[in-house]
Amino acid sequence: MPANSEAIRFAGDVSIDKIEIISSNGFGQEVSNQVVALEIYEDLWSPFISGVLALKDSLDLANIFPFIGEEYVNIKIHTPTFEGKSKVIEEQFYIYKMTNREMSSDRNLIYELHFISREAIVDLNKATSKAYAGKCSDIAQSIITGNDGLESKKPVIIEETPNGVKFVANYWPPVKSLNYTAETSANRDGAANYLFFENRLGLNFVSLDYLYKGDLVQEFVYDNYMRDFTSDGRSTRNVEKEYQRIIEISIPEVYDYMNRVRSGMYANKMTNYDLVTKKYIVKTFDMLEDFSNNTHLNEFASASKKVIRRFNSLGFIYPKYHANFNNFGDVTNSKTIQKRMSQLQQAEATKIQIVVPGRTDYTVGKKVRVKLNKFNPIGSDDTDITDNMFSGNYIISGVNHFIDREKHQCHMELMKDSFIVDLDKGGK
């Protein structure tokens with residue numbers, strides 16, 4: 001692996017400060033020299049960070065510890081010249097599995113250790129029977145940090161919710177209670193797209209709108225840039241520009257109209273009935289009519305006004321319970337579920353996968369800009385060669401930090417809910 005130096009040599013350089021395995025009896029062993037590869041996974045739709053550590057072992061650590069599923073690994077890595085906790089990956093993870101143990105020679109073993117955040121182990125071993133009541137954001141805070149929840153000591157980022165709820169966790173694990181709370185949450189602007197996830201900065205209970213309003217952390221460009229050149233023709237390395245370069249890009253699925261219709265993204269109809277008052281009401285939702293009421297990554301909707309959409313394309317029956325709890329009215333999310341369904345689908349309307357030089361400050365939930373050029377022939381009179389369909393602001397929805405002995409790369413999934421071009425004007 002690259003030497004632990006603060007002089008950055010190239011885009012993708014990385015400093016390995018510590019990779020230490022802690023046994024169940026407290027014995028620690030530094031294994032940085034045995035590491036073949038390290039992968040750290042973050043996912044906006046997953047509650048916890050996980051990863052894989054590949055070791056080439058000549059000390060037979062599996063018997064020295066021994067590995068029995070009760071070990072931890074302390075990891076600290078950073079991009080040279082990057083300082084501060086917000087730019088460093090430093091955490092203790094629980095090693096929950098060993099796989100692919102093979103002999104590479106008479107005295108060498110290769111195997112993979114799978115690890116995950118400690119809170120995942122708490123969630124796995126805990127089932128809470130408790131009634132929660134109050135503001136959704138307060139409930140989330142108590143579940144994340146409380147003794148009957150995840151008991152986390154990590155930083156917690158919570159977006160305040162004006163609405164409240166009451167529910168009974170019937171021997172639910174903490175994450176199930178958090179997801180239920182997220183489903184019933186709405187922010188001050190009425191956005192109903194709350195998520196619970198972990199990134200490098202801590203545990204997050206925030207809306208997608210909160211992420212959309214974040215600052216840009218990077219602009220990625222897909223072009224033929226190699227080096228800068230001085231006036232006398234010599235080439236120079238511009239590391240800052242190298243970090244902006246997209247090494248690989250793919251779009252596994254450009255769009256799926258049928259899935260959008262079935263999921264209620266464009267429109268839906270809910271028949272809402274109250275078991276107590278014996279009353280029902282029918283509500284309809286239209287994405288394009290609601291679009292201007294919300295925060296978005298880009299200016300224009302991901303569908304034109306001509307898109308074929310009918311409320312009956314997704315019709316469903318949803319109950320509400322008036323006064324099911326004392327001093328509470330309806331505690332279901334019947335007021336926001338239609339909007340939530342559409343907003344979550346809009347968030348993934350456009351997804352791309354890219355590979356870029358790795359940096360330890362990249363993390364899920366951050367906003368980036370992507371600039372792509374058209375692939376069609378460019379004429380001399382073409383003044384704008386921007387690919388308006390796939391360029392624009394995105395949210396990092398997934399990132400795999402891949403580190404080997406040569407480099408650090410980030411394999412990212414990016415998503416956006418909107419376009420930089422008005423589709424009602426031809427999409428040009």
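In this predicted model, the residues that line the largest cavity split into six polar, two charged and one nonpolar. The residues in question are N193, D209, Y212, N294, T295, H296, Q343, Q346 and D417. Tyr counts as nonpolar and Asp as charged, so Y212 is the nonpolar member of the lining, while D209 and D417 are the charged pair. Two helices stand out as contributors: α5 (208-212) and α9 (337-347) each put at least two residues into the lining of the largest cavity. As for volume, the largest cavity holds about 40 Å³ of space. With the cut-off set at 30 Å³ or more, the structure has one cavity to show.

The second largest pocket is another story in terms of its lining. Its volume comes to about 270 Å³, and 15 residues line it, with Y255, R260, S302, M389 and F419 sitting closest to the centre. By chemical class, the lining of the second largest pocket breaks down into eleven nonpolar residues, three polar ones and one charged one. Arg belongs to the charged class, so the one charged residue of this lining is R260, one of the five closest to the pocket centre.

Turning to the strands, β23 (residues 392-404) is mostly tucked away, with twelve of its 13 residues buried. β23 also has several pairing partners. One is strand β3 (residues 35-43), which pairs with β23 in the antiparallel sense through seven bridges. Within that pairing, D43 has G398 of β23 as its bridge partner. Strand β22 (residues 367-371) is another antiparallel partner of β23, this time over four bridges. Here V368 is found opposite Y394 of β23.

Then there is strand β24 (residues 408-416), which runs antiparallel to β23 and is joined to it by eight bridges. I396, for instance, is bridged to L414 in β24. β23 and β24 make a hairpin, and three residues lie between the two strands. Taken together, the mostly buried strand β23 has antiparallel pairings with β3, β22 and β24.

How values were computed: Residues are numbered from 1 along each chain as its sequence is written. This is a predicted model: local features need pLDDT of at least 70, side-chain atom pairs count only at pLDDT 80 or more; totals for chains, interfaces and linings use all residues. Side-chain values use heavy atoms; hydrogens and water are left out. On a 1 Å grid over the protein atoms alone, a cavity is a set of points where a 1.4 Å probe fits but cannot get out, and a pocket is an open set with protein on both sides within 12 Å along at least five of seven lines; lining residues have an atom within 4 Å of a point. Grid points are joined across faces, edges and corners, and a volume is the space filled by probe spheres set on the points. Buried means under 20% relative accessible area, exposed over 50%, partly exposed in between (1.4 Å probe, protein chains only). Two strands pair if DSSP finds at least two bridges between them.
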